[in-house]
Amino acid sequence: MKIKDIEYKDLCLKCLDLISYTLVELGQQKDTDFKVILSKSLAMDLLEDFPNMDYESIIFSFRQGVRDTENVKFVLNVQTYYSWIKNHRDLIWREDSKEPERRDKRLKYRSRKGSGLQLIGNKIKYIK
């Protein structure tokens, strides 16, 4: 689902979950106020700067960011998550024109396989 199609309140809750999960992955502990403020900031950044991205891509940008950031001593803040999202968006843009077999493996979640129209006739098993 595109960011622009998600209501602000729901987006804030999704961002709060993502921030909390990311902090656990990083082994960092922050108080609730920090998480809420950062999640609202993330929600506003997504709505203003990345409205056409899928929320699933945002999740994967955080996942890759946590695993690929070289500096071991970094903290989760606006600059960090913003660079993760921009890097992932750039990866999507670079790989979008390539054939599916040649795309970067990190984008396999974006596969459209099985997302087309499904006919009920194909799902019904006939009894003989």
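Colleague: How many helices and strands does the protein have?
Modeller: This is a predicted model, where local features need pLDDT of at least 70, side-chain atom pairs count only at pLDDT 80 or more, and totals for chains, interfaces and linings use all residues. Residues are numbered from 1 along each chain as its sequence is written, and side-chain values use heavy atoms, leaving out hydrogens and water. Helices (H or I, at least four residues) and strands (E, at least two) are DSSP runs, numbered from the N terminus. The pattern along the sequence is α-α-α-α-α, and the count is 5 helices and 0 strands.

Colleague: Which helix gives the most to the largest nonpolar core?
Modeller: A nonpolar core is a set of buried Ala, Val, Leu, Ile, Met, Phe, Trp, Tyr and Cys residues joined through side-chain atoms within 4.5 Å. Buried means under 20% relative accessible area, exposed over 50%, partly exposed in between (1.4 Å probe, protein chains only). The largest core has 24 residues, and Leu 42, Leu 46, Ile 58, Phe 62 and Ile 85 touch the most other members. α1 (8-26), α2 (32-49), α3 (55-68) and α4 (78-95) each supply at least two residues; the top giver, with 6 residues, is α1.

Colleague: How many disulfides are there?
Modeller: A disulfide is a pair of cysteine sulfur atoms within 2.5 Å. By this rule the count is 0. Cys 12 is in no disulfide, as its nearest cysteine sulfur, that of Cys 15, is 6.5 Å away. Cys 15 is likewise in no disulfide, which leaves the total at 0.

Colleague: Is Cys 15 buried or exposed?
Modeller: The relative accessibility of Cys 15 is 0%. Therefore Cys 15 counts as buried.
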